[in-house]
Amino acid sequence: MREKKEKYQIIETLSDIGDFSKLVENLLENSGLSNVVRNEDTTIFATQKGVNDVNFCFLPSIKPLAGKDSDVFDIIENLKNGDNVDTFCIVTNQDVNSKTDISEYFKQQIRKRFPTARITFWSKKDLVDKIDTYYPNFWQHTDTFLKPYEDFYLKTIETDSELRNLLKLDDKYQKMLNIFIEPRLTIFVEDKEGHRPRPKKIEKVKLIKSGCYVIAGDAGTGKTTLLKDIGRELIDNNLRIEGKKNLPIFIKHTDFVNNSFVLDDTIDNILLKTFKNFDLERLFDDYEVVLLIDSLDELERENQMSILKDIDKLHTDLGVRFILATRSYEYLLKDCDIQTPQHITIQNFNLKQVEAFLQNFFKFDELKANTLLHSLHDNRILDKLPITPLTLSVISILYEERRYEIPATITDIYDNFHLFLLGRTSVQSSLEFLDINIKERILSIYALEILQNPKREPKNQQDFISFIENFFAKRSITIDRGQIPELVQSLTQGTGVLYIDENNLVNFKHNLFMEYYTSREIFNHQRKLEDELISRFTDFNWQNTAIFYAGRTKDMPDFLKKVIEKFKEYENIVDCLVGVSGMGYLLQALWLTDADIRKEGIKEALNTSLKSLEQMKKIASEKGNFFSGIEYPTLALVNTMFFFKDFNSVTLKDPLILAFEDLFQDYNQMKNTNDWHKTTILYQLFNVSLALYSDRVNVKNKLLNELADEIVNEPIIFMLFDKTIDIIDGFHKAKKVKEEINFNKYVRKHIASLNYYVETPADQLRLTTFDNIGVIKNVEIYTEGKTDPQIIEHAYNVLTDNSTPYWSIRSCGNEIGAGAETLKRLLEGVEATLKTEQAKHKIVIGVFDNDAAGQSQFNGLNSKLFEVWNKSQRIKKHKEYNIFALKLPIPDDKNHYLNEKQSLNFFEVEHYFPIEYLKEKNMTKSIKGMNDIFEITGKKQKFVDIIKTETDPKLFEEFKVLFDEIDCITNKKTEYVEQ
């Protein structure tokens with residue numbers, strides 16, 4: 001019998017919650033409880049039958065129970081009101097320390113939180129006593145012949161790791177690579193009515209108990225690990241079996257190679273490693289032998305068929321069970337005369353499995369596991385990669401080594417994945433000469449050919465064969481035509497990179513495979529295509545290829561500079577949003593590139609982000625779309641979080657800090673001026689500081705110290721701070737942060753502005769002084785009224801085929817009718833904003849209506865500051881700065897609107913439209929005694945809403961006289977669409 005101390009040690013070594021939960025489940029069944037149901041690994045329900053049945057909920061825990069943050073608190077909280085539970089029993093296999101099994105503090109806290117719940121505790125000592133009483137077979141079995149083999153098997157599956165050997169990984173990763181996460185398995189059953197197989201979920205326990213199976217799944221999905229774990233569980237079950245005990249035999253393809261592909265000889269030699277003498281047939285009689293056969297895919301078809309025939313004979317003659325693992329069920333069993341085993345598929349990991357894997361991999365560093373998980377979420381890697389135990393292992397190892405998350409390591413991940421998939425060469429194959437480099441080249445050229453096809457169309461199988469023939473024809477390597485089918489099979493079944501779909505097309509398993517291999521082809525053989533990577537950067541497939549390409553060296557300053565230059569051309573919202581996202585990923589992939597150059601990438605992304613915000617605001621001003629009626633702060637928040645998502649990476653820490661310092665210097669130069677662009681710079685600073693503030697980068701001081709005073713004094717940024725901190729930190733943590741900066745004090749200070757932002761849709765704030773976050777341009781135009789900028793901007797868009805103007809335009813006031821006097825005051829005071837270094841080249845143009853009020857204020861401009869420019873009667877210029885006053889130029893056919901008597905002038909922006917159109921829209925009023933001269937009347941905002949639906953350039957023809965005058969002042973040339 002085992003001593004108590006040894007039993008305690010056995011219990012303590014159960015470090016997997018699934019194993020521990022299974023032990024508790026078996027113990028409860030043996031103890032006489034009824035209806036024992038294990039719900040995943042966290043809860044086990046059972047009933048004690050009696051006069052009054054008692055319903056138990058057992059909560060297994062493999063963590064010491066000492067604090068008040070245990071998972072069991074949340075589980076009880078979720079169950080206490082929903083399920084009919086009379087008693088909760090918390091079961092642990094760990095001591096808090098050498099003197100305490102479960103701390104009294106823990107017991108007090110849980111009873112304090114759930115005062116009405118009945119809660120009991122099983123310590124490690126309690127558990128051992130109950131096992132001794134109800135489940136003594138757990139401790140040992142008496143088969144002295146089998147025990148050494150069990151030890152050998154368990155030791156073998158712990159040390160044998162193809163991935164570790166292939167990737168030459170450090171020994172420290174051995175235990176991490178032995179992580180087993182319960183797989184998602186599907187069995188195909190016959191649909192009697194539909195007459196075709198249909199998938200049905202199956203539990204692993206079914207495979208362990210009985211039956212013969214073929215488990216199919218892509219490379220890296222964990223087939224080998226599953227086979228090994230089935231063998232381990234078969235051995236574990238021997239502790240509870242009264243009759244024949246299990247003898248699992250795990251066989252690799254190399255075992256068959258070493259024994260001339262003869263099954264009996266292969267089994268003999270595996271068993272001889274443990275047993276000196278044995279009778280194989282007697283072994284089959286005395287034990288439940290289960291063959292666990294892996295990697296038959298690596299063998300030639302002739303050898304596969306021979307082995308399958310031997311397996312079938314053992315199964316038929318002696319009842320030997322078998323479980324095979326393969327990449328293709330259909331191919332493995334094609335034309336094979338074998339009693340058909342059941343077809344099982346193993347699925348890629350879901351989110352829950354990913355979480356479980358990372359928690360096991362980083363078992364002693366929960367923060368690291370959570371940080372990497374959040375990175376996978378934020379970068380949408382779970383959608384971009386085939387999430388399997390293999391890819392997660394490589395991701396986790398690279399993160400453990402460097403602390404760099406995806407996408408900084410995505411090329412490395414695929415390099416390792418590529419090595420694993422293509423490095424598994426066929427054993428004794430007639431295609432041995434096809435080493436990894438030749439396979440890679442075929443895949444790379446094929447990937448590039450598909451990517452360059454506008455429709456991304458793959459080849460059918462016959463065309464793919466022709467493609468391969470052509471590949472060899474152009475090279476010194478020769479291949480017999482009869483070997484081509486075997487090569488196609490090798491590439492589509494053996495690598496896991498390609499597959500033949502139901503339409504007989506040779507497809508990549510995932511678009512990222514195509515993009516990865518294209519990047520290898522361009523980098524290694526076709527550098528001339530680098531320009532195409534840059535020019536097509538906002539095409540998702542090409543962008544991903546560019547990121548893989550950059551990750552080849554991580555140091556490509558010239559390539560990055562060209563991408564940054566390309567960004568300056570982006571104007572439409574799709575290019576801007578896709579470009580910003582791609583820049584974040586690209587800068588992470590280029591983590592070895594000079595931080596000063598990457599800083600410029602961040603700043604250009606911020607500028608491009610402003611363009612996307614401008615487009616959102618413009619779309620919001622159009623009726624009947626997604627953004628209609630949305631508030632201005634919400635648009636700014638969406639844009640902020642979009643930037644945050646792609647730039648909050650530790651690999652960007654240094655360039656983010658450098659970008660912050662540059663922008664902060666610019667901001668400090670203009671913070672005491674009335675330049676409305678200072679809010680834009682503050683917005684950019686806020687976006688950068690938010691990325692730095694994230695837990696992933698963890699540079700908190702930029703946001704909370706250096707920028708705090710500026711944030712709380714600018715209403716729109718203050719609102720963004722409020723919302724983003726809640727999103728990033730969660731309500732409770734954010735509340736503490738806000739208390740530190742006396743948040744509520746500033747709420748009271750800004751209450752009027754905050755309410756106005758919340759209550760007023762973005763379309764009503766656009767192009768007013770409340771619209772103070774926007775693209776910084778060297779030419780700024782100001783108008784008298786609120787609707788004038790909307791009309792002028794739309795006219796420009798129509799006349800230039802929707803080009804973005806080189807100038808920005810906004811009203812001088814907040815309300816309609818702010819007027820000429822407000823515009824005059826703005827022009828006379830704007831010089832203060834132009835004294836900073838970044839504003840010295842700025843051009844400011846104030847556009848006055850050519851009516852009585854406009855002429856009056858234009859003429860009344862301070863003569864000490866302004867003078868007539870170029871002898872023009874309608875343009876004045878500041879004597880020192882590039883500040884211009886411009887009266888609306890009047891088209892030749894409307895010169896009759898120009899009257900020597902100031903009070904009789906009526907020309908406004910709306911007069912550029914044909915008079916018949918204005919009359920049709922009820923926008924004109926006749927003036928007594930003045931023929932063919934009309935005053936503008938009616939509801940101007942309603943008129944603007946109508947104008948925005950007009951796209952005929954002829955309607956806006958006369959606006960050209962205004963744009964030509966602006967071009968003359970700025971020395972620019974506007975290109976109009978041909979009519």
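Is aspartate 264 buried, partly exposed or exposed, and what is its relative accessible area? Aspartate 264 is partly exposed, with a relative accessible area of 37%. Keep in mind as we go that the model you are looking at is predicted.

Let's stay with this residue for a moment. Aspartate 264 sits in helix 12, and on the surface it joins Asp265, Asp279, Glu281 and Asp285 in a patch of negative charge. Two helices, helix 12 and helix 13 (280-286), each bring at least two residues to that negative patch.

Helix 12, which spans residues 263-271, also has a buried side. Its buried residues are Leu263, Thr266, Ile267, Ile270 and Leu271. Looking down the axis of helix 12, you would find these buried residues within an arc of 125°, so they line one face of the helix. Here a general rule helps: an α-helix has 3.6 residues a turn, so residues three or four places apart point the same way.

Now turn to a patch of the opposite charge. Arg198, Lys200, Lys206 and Lys209 form a positive surface patch. Strand 7 (196-202) and helix 9 (204-209) are the elements that give two or more residues to this positive patch. Arginine 198 belongs to strand 7 and is partly exposed, its relative accessible area being 39%.

For our last stop, find phenylalanine 56 in strand 3 (residues 54-61). Phenylalanine 56 counts as buried because its relative accessibility is 17%, and buried means under 20%. Along the chain, phenylalanine 56 and leucine 33 are 23 residues apart, and their C-alpha atoms are separated by 9.5 Å.

Technical notes. Residues numbered from 1 in each chain as written. Predicted model: local features only at pLDDT ≥ 70, side-chain atom pairs only at ≥ 80, totals over all residues. Heavy atoms only, no water. Patch = residues over 30% accessible without salt bridge, like charges linked within 9 Å, V, L, I, M, F, W, Y side chains within 5 Å. Areas by Shrake-Rupley, 256 points an atom, 1.4 Å probe, with all protein chains shown as cover. Salt bridge = Lys/Arg side-chain N within 4 Å of Asp/Glu carboxyl O. Lys, Arg positive; Asp, Glu negative; His and termini not counted. Charge placed at Lys NZ, Arg CZ, Asp CG, Glu CD. Helix = DSSP H or I, 4+ residues; strand = E, 2+ residues; numbered from the N terminus. Buried < 20%, exposed > 50% of the residue type's maximum accessible area, 1.4 Å probe, protein only. Arc of directions from axis to C-beta.
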